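The following text walks through one protein chain, from its overall dimensions to single residues. Keep the sequence and the structure in view while reading.

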Amino acid sequence: MITEQAVLDVKPGQERAFEGAFSEAKAIISSMPGYSGLQLHRCIETPNRYLLLVAWERLEDHTEGFRQSDRYGEWKRLLHHFYDPFPAVEHFTLVTSDE
């Protein structure tokens, strides 16, 4: 299991529109093979900043399966115009947990 992490800085004043578009885009990513769940958090101190965490079974499920799929084009169309700057995406493996 890996976790994809992205800090999403949304253009100020477009937070509500972004959240609506994300609601629609969520159906796209959740239909992908290897997808295991996601969380979208909104920053308290910087209200136009979001933290996206997506769980994938394998790194390739994200980098190849999702990113190289036809459905990724729809994801980009719905969401990418909201970001300034465009987010860096990183992947993590769990080291320890109290769960």
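In which helix does Ala17 lie? The model is a predicted one, and in it Ala17 belongs to helix H1, which covers residues 15-30. Ala17 counts as partly exposed, because its relative accessibility is 46%, and partly exposed residues fall between the limits of 20% and 50%. Leu79 is 62 residues away from Ala17 along the chain, yet the two C-alpha atoms are separated by 9.7 Å.

That pair leads on to the chain as a whole. Its secondary structure consists of 3 helices and 4 strands. Read from the N terminus, the order of elements is β-α-β-β-α-α-β. Among contacts between residues at least 6 apart in sequence, 72% join residues at least 24 apart.

The overall dimensions come next. A compact globule of 99 residues would have a radius of gyration near 13 Å, and the value for the chain is 14 Å, so the two agree. The C-alpha trace spans about 35 × 35 × 20 Å along its principal axes. Of the 99 residues, 35% count as buried. The exposed area of the chain is about 6200 Å², with carbon and sulfur atoms supplying 50% of it. As for charge, the chain has 10 positive and 16 negative charges, and the mean positions of the two sets are 7 Å apart.

Strand pairing can be followed from strand E3, residues 49-56. Strand E2, residues 35-42, runs antiparallel to E3 and is joined to it by 7 bridges. E2 and E3 form a hairpin, with 6 residues between the two strands. Two positions show how this pairing is laid out: Gly37 has Ala55 of E3 as its bridge partner, and Arg42 stands opposite Tyr50 in E3.

E3 also pairs with strand E1, again in the antiparallel sense, over 8 bridges. Here Leu8 has Tyr50 of E3 as its bridge partner. Tyr50 is thus named in both pairings, as the residue opposite Arg42 and as the partner of Leu8.

Which residues make up the covered face of E3, and which the uncovered one? The covered face holds Tyr50, Leu52, Val54 and Trp56. Arg49, Leu51, Leu53 and Ala55 form the uncovered face.

Leu51 is a residue of E3 that sits on the uncovered face. Why does Leu51 count as partly exposed? Its relative accessibility is 30%, which is between the 20% limit for buried and the 50% limit for exposed. Leaving out residues up to four places away in sequence, Leu51 touches Gln5, Ala6 and Val7, and also Gln39, Leu40 and His41. Leu40 is 11 residues from Leu51 in sequence, and their C-alpha atoms are 5.7 Å apart.

Gln5, one of the residues that Leu51 touches, is found in strand E1, residues 2-9. Is Gln5 buried or exposed? Gln5 is buried, because its relative accessible area is 16% and the limit for buried is under 20%. Beyond its neighbours within four places in sequence, Gln5 is in contact with Leu51, Leu52 and Leu53. Its other contacts of this kind are Ala88, Val89, Glu90 and Phe92.

Definitions and conventions. Residues numbered from 1 in each chain as written. Predicted model: local features only at pLDDT ≥ 70, side-chain atom pairs only at ≥ 80, totals over all residues. Heavy atoms only, no water. Rg over C-alpha atoms; globule rule 2.2 N^0.38 Å. Buried < 20%, exposed > 50% of the residue type's maximum accessible area, 1.4 Å probe, protein only. Contact = heavy atoms within 4.5 Å. Areas by Shrake-Rupley, 256 points an atom, 1.4 Å probe, with all protein chains shown as cover. Lys, Arg positive; Asp, Glu negative; His and termini not counted. Charge placed at Lys NZ, Arg CZ, Asp CG, Glu CD. Pairing = 2+ DSSP bridges.
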